[in-house]
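I opened this entry to look up the empty spaces in a model and what lines them. Helix packing comes after that.

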Amino acid sequence: MNIAILGVGTVGEAVAKILLQNKKLIAARCGEEIVPVIGVVRNLNKKRDAAILLTDDIDSVIKRDDIDVFVELMGGVEEPFRVVSQILERKKAVVTANKALLAYHRYALQNLAQNTPFGFEASVAGGIPIIRALREGLSANHILSINGILNGTSNYILTSMMSKGSNFADALKKAQELGYAEADPTFDVGGFDAAHKLLILASIAYGVHGNPEDILIEGIEGITPEDIFFANDFEYVIKLLAIAKKTGEKVELRVHPALVPKDKMIAKTDGVTNAVSVVGDAVGETMFYGPGAGGPATASSVISDLIDIARDGKSPMLGYKAPFELNALELLDPSEIRTKYYFRLRVEDKVGVLAKITNLMSENNLSIDSLLQKPKDESPYATLFFTTHTSVEKDVRRTMEILQEQEFVKEKPFMMRIEE
């Protein structure tokens with residue numbers, strides 16, 4: 001089986017290297033040799049560790065009849081969509097690791113693919129086989145929820161803040177020095193990378209449509225050492241979670257930092273590691289844990305799709321051969337989310353302020369569960385921490401806006417959700 005690698009960067013180099021180094025093992029597993037015939041790059045002058053022929057003429061490569069499978073590792077959205085669409089129109093198989101492409105165009109690509117093999121295991125959680133688990137291993141289950149740590153950069157930063165007392169800026173700088181974070185880390189720390197991956201998982205679990213703009217996405221940039229202080233005091237850790245949950249006849253999708261009890265399995269996932277908890281109605285909770293990024297780990301998932309195609313794998317792209325009742329599920333409006341909440345407020349240290357805050361919360365349907373005041377420092381202001389009982393997102397956001405208008409509130413209020 002001949003393959004072309006469209007985009008020979010870190011992952012593309014690893015795919016070529018593993019296919020060549022482990023060719024006998026791979027051939028034994030799938031019954032034929034998988035041969036990387038050619039790779040496409042933007043800059044032929046850049047030095048690469050790839051022992052295959054390279055070209056910068058992508059349009060000539062995608063028209064070749066001798067290529068059986070095209071591995072798309074280009075990055076971006078619209079140009080890969082153009083290229084992959086042309087390949088699928090020629091009834092040629094595709095494997096991709098491009099989560100942004102799938103976040104926006106997964107249903108259009110499914111319609112184009114029909115019975116043409118289309119693998120995308122590497123698009124979510126690197127080397128963890130979560131796509132195959134949802135599409136095949138858990139296919140007898142109604143999926144009740146998915147909770148995932150799907151971005152290693154954010155998880156490394158939060159782990160550093162929790163364990164070393166670092167502030168966000170210092171933890172980010174260290175992550176960049178180690179190569180875990182990009183020079184512009186917005187896509188990772190802003191929650192967008194995790195959101196793209198969550199939409200892919202939700203399509204397989206629920207058949208739900210939606211783009212990143214349709215769901216709640218918040219990043220970790222606003223977390224401070226004071227939030228770490230509260231989390232440690234109340235036996236929580238802070239994680240950037242990607243959450244999918246069936247709520248009645250709708251599906252709730254959200255990505256945001258959350259306080260998670262330390263005894264939860266997902267709370268123990270540290271550093272750049274990813275983890276995904278899936279709860280099915282028949283199987284109960286299953287947990288998937290492992291490397292979420294990196295050349296070899298992601299290449300491992302790419303090659304697993306190639307092996308499946310070589311074995312004549314014909315699983316439907318998003319797991320459904322025919323429509324069924326779950327396809328009627330719609331996205332829950334983010335304002336209707338219900339969970340517990342945490343507030344951090346910097347206020348005047350005066351008699352009566354606490355009473356004003358609690359009255360204001362009560363008037364807006366928020367019930368306080370716990371309260372903590374951080375010991376005074378040199379500042380004339382006090383830092384208060386509140387948690388609520390289960391509340392509705394729209395009530396919390398309205399309360400945040402009202403609090404920000406109060407003269408006794410001296411910094412923009414900060415809110416985080418609690419996932420127990």
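**Entry 1: the second largest cavity.** I listed the residues around the second largest cavity: E226, R344, L345, R346, T383, E411, K412 and P413. The model is a predicted one. Which strand gives the most to this lining? I found that β14, residues 338-348, does, with three residues. I then sorted the lining of the second largest cavity by class. Five residues are charged, two are nonpolar and one is polar. For the volume of the second largest cavity I noted about 40 Å³. I also looked up the search of the whole structure, which finds three cavities of 30 Å³ or more.

**Entry 2: the largest pocket.** Next I turned to the largest pocket. How much space lies in it? I wrote down about 1,100 Å³. Its lining counts 37 residues, and V11, K99, E182, A293 and G294 are the closest to the centre. I split the lining of the largest pocket by class as well: 17 residues are polar, 14 are nonpolar and six are charged.

**Entry 3: where the largest pocket lies.** Why does the largest pocket lie between domain 1 and domain 2? I checked both domains against the lining. Domain 1 spans 2-127, and domain 2 is made of 131-290 plus 322-334. Both give residues to the lining, so the largest pocket lies between them.

**Entry 4: helices in the lining.** I went through the helices that each supply at least two residues to the lining of the largest pocket. They are α1 (10-21), α5 (99-113), α7 (152-164), α9 (186-189), α10 (192-206) and α12 (295-310). The largest share, three residues, comes from α1.

**Entry 5: how two pairs of these helices pack.** I took α1 and α12 to start. Their axes come within 8 Å and cross at roughly 60 degrees. That makes α1 and α12 oblique to each other, because the angle is neither under 35 degrees nor in the 65 to 115 range. I recorded the crossing of α1 and α12 as right-handed.

Then I looked up α5 and α10. Their axes are 8 Å apart, and the packing angle is about 40 degrees. The helices α5 and α10 are therefore oblique to each other. Is their crossing left-handed or right-handed? I noted a left-handed crossing for α5 and α10.

Notes: Residues are numbered from 1 along each chain as its sequence is written. This is a predicted model: local features need pLDDT of at least 70, side-chain atom pairs count only at pLDDT 80 or more; totals for chains, interfaces and linings use all residues. Side-chain values use heavy atoms; hydrogens and water are left out. On a 1 Å grid over the protein atoms alone, a cavity is a set of points where a 1.4 Å probe fits but cannot get out, and a pocket is an open set with protein on both sides within 12 Å along at least five of seven lines; lining residues have an atom within 4 Å of a point. Grid points are joined across faces, edges and corners, and a volume is the space filled by probe spheres set on the points. Helices (H or I, at least four residues) and strands (E, at least two) are DSSP runs, numbered from the N terminus. Ala, Val, Leu, Ile, Met, Phe, Trp, Tyr, Cys and Pro count as nonpolar, Asp, Glu, Lys and Arg as charged, and the others, Gly among them, as polar. Domain bounds come from an automatic or database domain assignment. Axes are lines fitted to C-alpha atoms, for helices over the stretch in contact, and angles run from 0 to 180 degrees between N-to-C directions. Angles under 35 degrees count as roughly parallel, over 145 as roughly antiparallel, 65 to 115 as roughly perpendicular and the rest as oblique. A crossing is left-handed if the near helix is turned anticlockwise from the far one by less than a right angle, and right-handed if clockwise.
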